[in-house]
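Q: I'm new to reading protein models and would like a close look at one part of this one. Could you pick a helix, walk me through its surroundings, and then show me how it fits into the rest?

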Amino acid sequence: MELPIGGDSAFFLDLYARYRRDPGSVPADWVLHFQSLDGAAPDDQATSANRLAHDLLDAYRRYGHREARLDPLAIEVGHDPVLARLRATAAAHARETVHLTLGGDSRRMSLAEAEALMRAIYAGGVGIEADHLPEEAERSWWHDAVERSLAATPEDDLLASAFVSVALADEFESFTRVKFPTKKRFGIEGAETAMVFVREVLSSALAAGMRDVVMGGMHRGRLATLAVALGKSPATLFAEIMGRDLVDGEIFTGDVPYHLGYATELSGRDGRTLRLTLLPHPSHLMVVAPVALGLARAVSRAAGDGGAGTLCLLLHTDAAFSGQGLTAELLQVGGLAGYRAGGSIHLVVNNQIGFTTLPSEGRCSRYCTDVAKAVGAPVLHVNGDDPVAVARVARLALGWKRDFGRDVVVDLVCYRRNGHNELDEPRFTQPDMWRRIDARPPVRSHLAAAIERAGRPPDPAAAAAVAAFRDSLQAGYASAADTMPNEPPMQGEAWADLRHATERDILAPVATGVDLDRLRAVGIAASTIPDGFAAHPKVAQFYEARLHAIRSGAGVNFASAEALAFATLLADGARIRLSGEDTVRGTFTQRHTVVHDGRDGRTCTPVKNARPDAPDAFEIFNSPLSEYGVLGFEYGHSLFDPNQLTLWEAQFGDFLNIAQAAVDQYIVSAESKWGLKSGLVLLLPHGLEGQGPDHSSARIERLTQLCAHGNVIVAQPTTPANLFHLLRRQICAPWRKPLFVIAPKSLLRAKAAVSPLTDFAAETQFRPVIAEPCQTPEAVRRIVLCSGKIAYDLERQRHDAGRAETVLPVRVEQIYPVPADALRSVVERHPGAHCVWLQEEPVNQGVWPSLQGELARAGLPMLAARPVVARPASPVPAGGSVERHEREQAALLRRALHEGWPE
């Protein structure tokens, strides 16, 4: 025998040596190849028909999905060359008896019968991809489970439940199609078996004793899911489809019905209950997936069972799952220790088209689910017109989640009877595909026919369930015009006492100071590294400096203020979660929350000493290099418990650009659209320091553009004490709002940027405006309003310029809601002073674009001839030359102090 010569010869030699020792140790297609190279026919080998049967089984397990009958429209029929060669060889031994073990059961049959059974299991209506799983135990689990499930005759209860699910979905869509012919429904027609999957997963979760389900969905079939699987009131649902205004209050906008969320409790026959939350989603719906995962993680962590009692069920469409990079972020995040929720079940409703875009135009992979294999998630493909197979796959998916606590992806291959929505005409662009669809009977019809052919009598219970559902639809429609919704709130009872807050509510003082003795005691405990712990010398010095500041009561810097906020909140009973890229140490080496022993790698987290009885109350994680997925996750996490402070830190503020969809679709708008409250904190480092356009700006102007009706808070604290009060206010206030902290960079180490411990004490609070008192108010000729680190430059420059008595710097620490009353109070104390606004950002960026309108509305005298001092308008946030930056900064300060000075 001659083997190939070249770069791969070692590989072939090793494979051939393994084949000679044990043919069963190499893949089946290589067995055939080596047999041919040896010049021997398969029937000349020592291996018998049994060997061939095992080779066939191995090949079907690995490649059967390529030939599975997955597409109801039969547009493409799969073919695998390895399976074809093995079947051709097996044909000569078709009548020989073989012994085969399938799903743990030993069987004796002819080789032809064995091959037919393998084909039915692995290349029938279900295709499985598990060969990429890293552990043999995981692959074996799937082989055994699939072979036990798919080789069995379907039970009566499985057929009956599958038929009811399909029939209910068909009834709902038929009813709404007639009653609302001009409305977008994004109906489930062509994918009715998605209802089989969802209902089967939920009933199996109930039977397994699970407690909570968090769902993130999609447009397609949303209304049917609510009515058929979750039991939402048809009257409320139809009122929403009619377009009735069911929201309360002017600031609540509501949303279209196929975006809305729902909370309910499902009950089983044995008295078990299952709490279910279906999150609302925006039009760009993939963003809901990390939000749902974050909420599921919070729910499962509160239960303390590692996610065993919580199910995260995520519904996607094929084009979004393969086309959106967020999918890869979601799958990676879901497998990490700080983000796991016990495994998610992903149902991909594979329409085989995205709006008008065919798979060949939208992806280059074989399957829309191929991205999932990168993280070792098993993938099950199932024919969407085979309800029994779909029900079995649902049980298999839940079994995997329960046994392994990891993600599983189900590809439901189906079609759309209508276009992208009911008002779209798909035959414009896909006439051939829709000819096949038009000729295909509904799944309800051919399932009923299959049951009849099997000789099974009609199920009276199923017929009664369908009739009762039809009656409920009629009754709901009749009362929809007058009904008022009375549904449970999306968020739990813990949120009930937190009122909706207006701008005025947010501007009202909140007691956030801490008794000085208690503050010092908690701070010292949270800043002490254990004895015998060999911290890096610079880290040890860092903690010693913090202890000195707390004990002496002077020189508390930003990092220490943040740690004191965390420590005191923990001591008060709150929980804290902080994540972000390099957050544990801090991008600017400012945090050092986790300390490493230089000798053996042990770690300690001193801040946990603030609450030693509950060390798990504080979490901090370095996130993957993901902003979009992680921020969506953290927002979802923040929806669960109002007494948990959830924070996400951007490595630099402009990294928020990559997560803008999460900001727009949820963080700034979810309360108005869907009534969801959140106290999420976003820490966004900001400041122009000559470091180039990409690491300078948190894009304040973009955030303020999204502010209205007190929806969020945007603040730029310039003192450590103000940061301390801001963070504590998120928990101490009688409301919850997302907080954007425009966080410091260079101020983290600026000697002037420190606070005395007394500024943290009882009776102190957040100061939205900082204006130091003047001994001679009448001497003030100019008020310079500013925000951020430029205030320190201004303070230094006014002294150097001899303007200390005549120029009053005023720091606007809260950018939104604008503290107009506090600003007015400062200005009115100096009626003869000329006011200017100073910022280091270009004039079309930063705070000024939004603030000027707010100041005008507040009646403040900020509209003088030249009221703003800023860099010229620019399409980029900052330049890359330190020399130019310093020159421009000096010019800004000169203008602020001297330009237009009233002599």
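A: Here is a walk that starts at one helix, moves along the chain around it, and ends with the whole protein.

Please keep in mind that this is a predicted model. Let's begin with helix α28, which runs over residues 790-800. Which of its residues are buried? They are I790, A791, Y792, D793, L794 and R798. What covers these buried residues? The cover includes three strands, β20 (782-786), β21 (807-812) and β23 (834-842), together with helix α31 (882-898). Just after α28 comes G802, whose phi is positive, at about 70°.

Now look at C786, whose number you met as the end of strand β20 (782-786). C786 is buried, and its relative accessible area is 0%. Why does C786 not pair up with another cysteine? A disulfide is a covalent bond between the sulfur atoms of two cysteines. For C786 the closest cysteine sulfur belongs to C835 and is 12 Å away, which is too far for a bond. A disulfide here would need the two sulfurs to be within 2.5 Å. In fact, a search of the whole structure finds 0 disulfides. C368 is another cysteine without one: the nearest cysteine sulfur, in C414, is 9.6 Å away. C368 is buried too, with a relative accessible area of 1%.

Further along the chain from α28 there is a special peptide bond. Y816 and P817 are joined by a cis peptide bond, with omega at about -10°. P817 sits in the loop between β22 (814-816) and α29 (820-828).

Loops also hold two residues with a backbone angle worth a look. E763 has a positive phi of about 75° even though it is not a glycine, and it lies in the loop between β18 (739-743) and β19 (769-770). H592 has a positive phi as well, about 50°, and is not a glycine either; its loop runs between β11 (575-580) and β12 (595-596). Are these two buried or exposed? E763 is exposed, with a relative accessible area of 78%, whereas H592 counts as buried at 12%.

Two other helices offer buried residues to set beside those of α28. L330 lies in helix α13 (residues 326-333) and is buried, with a relative accessible area of 3%. Leaving out neighbours within four places in sequence, L330 touches A289, P290, L293, L314, H316 and H346. E240 belongs to helix α10 (residues 234-242) and is buried at a relative accessible area of 13%. With the neighbours within four places again left out, the contacts of E240 are K232, L246, P257 and L260.

Finally, let's step back to the whole protein. It has 31 helices and 24 strands. Its radius of gyration is 33 Å, close to the 29 Å that the globule rule gives for 903 residues, so the protein is as compact as a globular protein of that length. The C-alpha trace spans about 110 × 75 × 55 Å along its principal axes. Of the 903 residues, 56% count as buried. Among contacts between residues at least 6 apart in sequence, 81% join residues at least 24 apart. The accessible surface comes to about 36400 Å², and carbon and sulfur atoms make up 51% of that.

Terms used:
Residues are numbered from 1 along each chain as its sequence is written. This is a predicted model: local features need pLDDT of at least 70, side-chain atom pairs count only at pLDDT 80 or more; totals for chains, interfaces and linings use all residues. Side-chain values use heavy atoms; hydrogens and water are left out. Buried means under 20% relative accessible area, exposed over 50%, partly exposed in between (1.4 Å probe, protein chains only). Helices (H or I, at least four residues) and strands (E, at least two) are DSSP runs, numbered from the N terminus. The radius of gyration is taken over C-alpha atoms; the globule rule is 2.2 Å times the number of residues to the power 0.38. Contact means heavy atoms within 4.5 Å. Accessible areas come from the Shrake-Rupley method with a 1.4 Å probe; for residues, only the protein chains shown count as cover.
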